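Let's take a walk through this structure, stopping at a few places worth a look. Have the model open and follow along.

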Amino acid sequence: MPSSTSTRSPIRWKSAVKPLSENISRRSFVAGVGGAVGLVALGGVGVATGTGENLLRPPGGQDATRLTSLCVRCDRCRQACPRQAIESSGLENGLVSLRTPALSFDVKLARAYRRPDGVEQADVLADPYGTLLDAGGYGFCDFCMKCAEACPTGALVAFDPARERLGTAVVDAARCLAFENSGGCRKCVDYCPFAAITLDAERRPAVNAALCNGCGVCENVCPASSYRAFSGTSRRGINVVPGAAKGVESA
């Protein structure tokens, strides 16, 4: 009598994944190599290795190497910023800096910095940091340090705005309305909380880099991008750049 039990050979699943040699055709391989060569030719090495030294960083993130090595791209600093002044950097600033935090003071003028109600500029100059915290509007840094508090890795460290700076305001003579209209605009002078901007003999703004800490109020209130909307750029007549810089870029 034949046995009721039978020996079955184990089931062997056929993999749907083809060997690498079958998946990659000669044509796709050549295309990939050509793309890599083209990337290098177009400056792709710089894009891949750039650490974003040209980016304006939130307070406590001025050491670009440290920031990019510790930042986990969690976006918490951007979400914590009450002024909505932090954005995630894009690929144009390098793969190393991709999605790391950078400051942007570019907002519509209707949402820009406003002095607290009843506060005059003289009061602002007497207490600039307190006034920045109480001011209205978006798109500038009030040094509240909520970004650093939200950072889980220590990529943003303690920052003292009285001794350290985010950057320095630089007047763009090619875009500043005062240079074009012989003193027709002075908003950056009237709103700077630190009296770092004055008018020269020709009634054009001049930046005292020793007094500027890069808060961004001047760039934030500058109307040049609105008046020059046809140019297709958001660059304004005065812009904050990382580190120390000369006060005016020639036209």
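One cut-off before we set off: a residue is buried under 20% relative accessible area, exposed over 50%, and partly exposed in between. Keep in mind, too, that this is a predicted model.

Start with Leu-95, in the loop that links strand E1 (86-88) to strand E2 (101-103). Its relative accessible area is 46%, so Leu-95 counts as partly exposed. Leu-95 has company: together with Leu-91 and Leu-98 it makes up a nonpolar surface patch, and the three share about 250 Å² of accessible area.

Now stay with E1 and E2, but turn to the largest pocket. Along with strand E6 (238-242), each of these strands supplies at least two residues of the pocket's lining. E6 gives the most, with four residues. The pocket has a volume of about 450 Å³, and 22 residues line it. Look towards its centre and you'll find Glu-87, Leu-103, Ser-104, Glu-219 and Val-240 lying nearest. As for chemistry, the lining is a mix of eight nonpolar, eight polar and six charged residues.

Two backbone spots round off the tour. Phe-143 sits in the loop between helix H7 (128-134) and helix H8 (146-150), and its phi is near 60°, a positive value in a residue other than glycine. Is Phe-143 buried or exposed? At 9% relative accessibility, it counts as buried.

Arg-203 also has a phi near 60°, again positive in a residue that isn't glycine. You'll find Arg-203 in the loop from strand E4 (197-199) to strand E5 (205-207). With a relative accessible area of 43%, Arg-203 is partly exposed.

Methods. Residues numbered from 1 in each chain as written. Predicted model: local features only at pLDDT ≥ 70, side-chain atom pairs only at ≥ 80, totals over all residues. Heavy atoms only, no water. Patch = residues over 30% accessible without salt bridge, like charges linked within 9 Å, V, L, I, M, F, W, Y side chains within 5 Å. Areas by Shrake-Rupley, 256 points an atom, 1.4 Å probe, with all protein chains shown as cover. Salt bridge = Lys/Arg side-chain N within 4 Å of Asp/Glu carboxyl O. Buried < 20%, exposed > 50% of the residue type's maximum accessible area, 1.4 Å probe, protein only. 1 Å grid on protein atoms, 1.4 Å probe; cavity = no way out; pocket = protein on both sides within 12 Å on 5 of 7 lines; lining within 4 Å. Points joined across faces, edges and corners; volume = space filled by probe spheres on them. Nonpolar A, V, L, I, M, F, W, Y, C, P; charged D, E, K, R; others polar.
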